[in-house]
Amino acid sequence: MTDYRIASIPGDGIGVDVQIEAQKVLDAAAKRFGFGLEWTEFDWSCERYAKTGTMMPEDGIEQLSGFDSILLGAVGFPGVPDHVSLWGLLIPVRRAFQQYVNLRPVRLLPGTTSVLAGRSADELEMVIVRENSEGEYSTLGGRHNSGQPGEFALQEAVFTRVGVERIIRYAFEVARTRSGRVTSATKSNGIIHTMPFWDEIFGEVAAEYPDVKSELTHIDALAARMVQQPDRLDVVVGSNLFGDILSDLAAAVTGGLGMAPSGNLNPERAYPSMFEAVHGSAPDIAGQGIANPVAQVLAATMMLEHLGETDAAAAVNAAVEKVLSEGVALTPDLGGKATTAQLGTAIAEAI
Ligand code: NAI
Ligand code: MG
């Protein structure tokens, strides 16, 4: 029997609610497929920040480094500025563990009505490959002339050849396992240094994959296309910012944020990867027991796949689809009246 050591960071808001359900579902899958999951919980959160002044202890990264994987709820809560919570926990983990791929699959699941009514499941299935270690999310820059009429803020984006090339290459590899199509998000007409550099490297990598169809599309047109012709998209690769925005949009045109999982991957497996829902801590519904746990359950499924437990992952996916299509335990965002725990338990029981 293989045992996996998993670091669990529920975080804030509904992160805590959905994490319990994801663990419930994975424990059911582990029991059925005969492997062990050893959960170690960390209370790193905005609540911890309020008490101690830091989101995680100074040796936090070191503490996580021995685990096989990390499952994260969500971080961020009113009272702590979002840049503090994000840069105090999530971004340091992504960077220290070189989780340079942020993989965000989206598909139309049964029991959900897309805002694009009438679209079938195969027209609404794509995966966003988001650069997760550099780009627009950078600490370079500053604020100057504070309080004066000439006050300004400057924010630099960082695009390295290594960083751009490896994420684009990853997207082409994913495309080979799917439709054989990659669309790259650019904005080289407006952003005249980093984006032409990105496009150039995209062209170089594309030349190495003659079997994969590729195209560059400006981010604004791409956003419109995702709504109007989603069937034209399959693998979409974008920088940190573009990938972030596109994946929320992709989630919105399918079942909404409650259904969209993501993985922060270190493809070389030199460090643990981290899995989380695309959504945040949703303070507007936190503590009410009505958050949809499916996104976090599907993130946990991505973790099982990454660990090599593909049969267990397939069983969880099937259980999610079964429960959603029966429609008896749907949370309010799906038009039902079930609680977070009722939907989570239904999925665990279906396994
Ligand atoms: P959010 O994703 O938390 O919520 C956006 C909207 O979607 C809200 O109306 C919420 O109720 C709804 N929603 C989200 N997940 C849901 C679920 N599972 N079931 C039902 N409804 C759901 O985004 P928002 O409001 O921009 O951010 C809230 C906090 O979360 C902020 O502090 C932000 O920084 C943080 N955040 C953290 C992320 C992370 O940990 N990776 C990602 C995004 C935001
Ligand atoms: Mg986002």
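In this predicted model, a polar side-chain atom of D82 comes to 2.6 Å from an oxygen atom of ligand 1. The backbone takes part in the surroundings of the ligand as well, for a polar backbone atom of S281 is 3.0 Å from an oxygen atom of ligand 1, and a polar backbone atom of N292 lies 2.9 Å from a nitrogen atom of ligand 1. Taken on its own, ligand 1 has 820 Å² of accessible area, and 71% of that area is covered by the protein.

Beyond these individual atom pairs, the shell around ligand 1 is made up of 21 residues, and the closest of them are D82, E276, G280, A282 and D284. By residue class, this shell divides into 11 nonpolar residues, six polar ones and four charged ones.

Turning from the ligand to the chain, an unreviewed UniProt entry annotates residues 5-347 as the domain "Isopropylmalate dehydrogenase-like". Across residues 5-347, helix accounts for 41% of the chain and strand for 20%, while the C-alpha atoms at the two ends are 23 Å apart.

One part of the fold can be followed in detail through strands β8 and β9. Strand β8, which spans residues 181-186, runs parallel to strand β9, which spans residues 213-218, and six bridges join the two. Within this pairing, T183 stands opposite E215 of β9. Helix α6, formed by residues 194-208, belongs to the same piece of architecture, since β8, α6 and β9 together make a β-α-β unit that is right-handed.

Key
Residues numbered from 1 in each chain as written. Chains lettered and ligands numbered in written order. Predicted model: local features only at pLDDT ≥ 70, side-chain atom pairs only at ≥ 80, totals over all residues. Heavy atoms only, no water. Near = heavy atom within 4 Å. Polar contact = N/O pair within 3.5 Å; in protein donor to acceptor, adjacent residues only side chain to side chain. Areas by Shrake-Rupley, 256 points an atom, 1.4 Å probe, with all protein chains shown as cover. Nonpolar A, V, L, I, M, F, W, Y, C, P; charged D, E, K, R; others polar. UniProt positions renumbered as here; feature names shortened; annotations may be inferred. Helix = DSSP H or I, 4+ residues; strand = E, 2+ residues; numbered from the N terminus. Pairing = 2+ DSSP bridges. Right-handed = clockwise from strand over helix to strand, strands pointing away.
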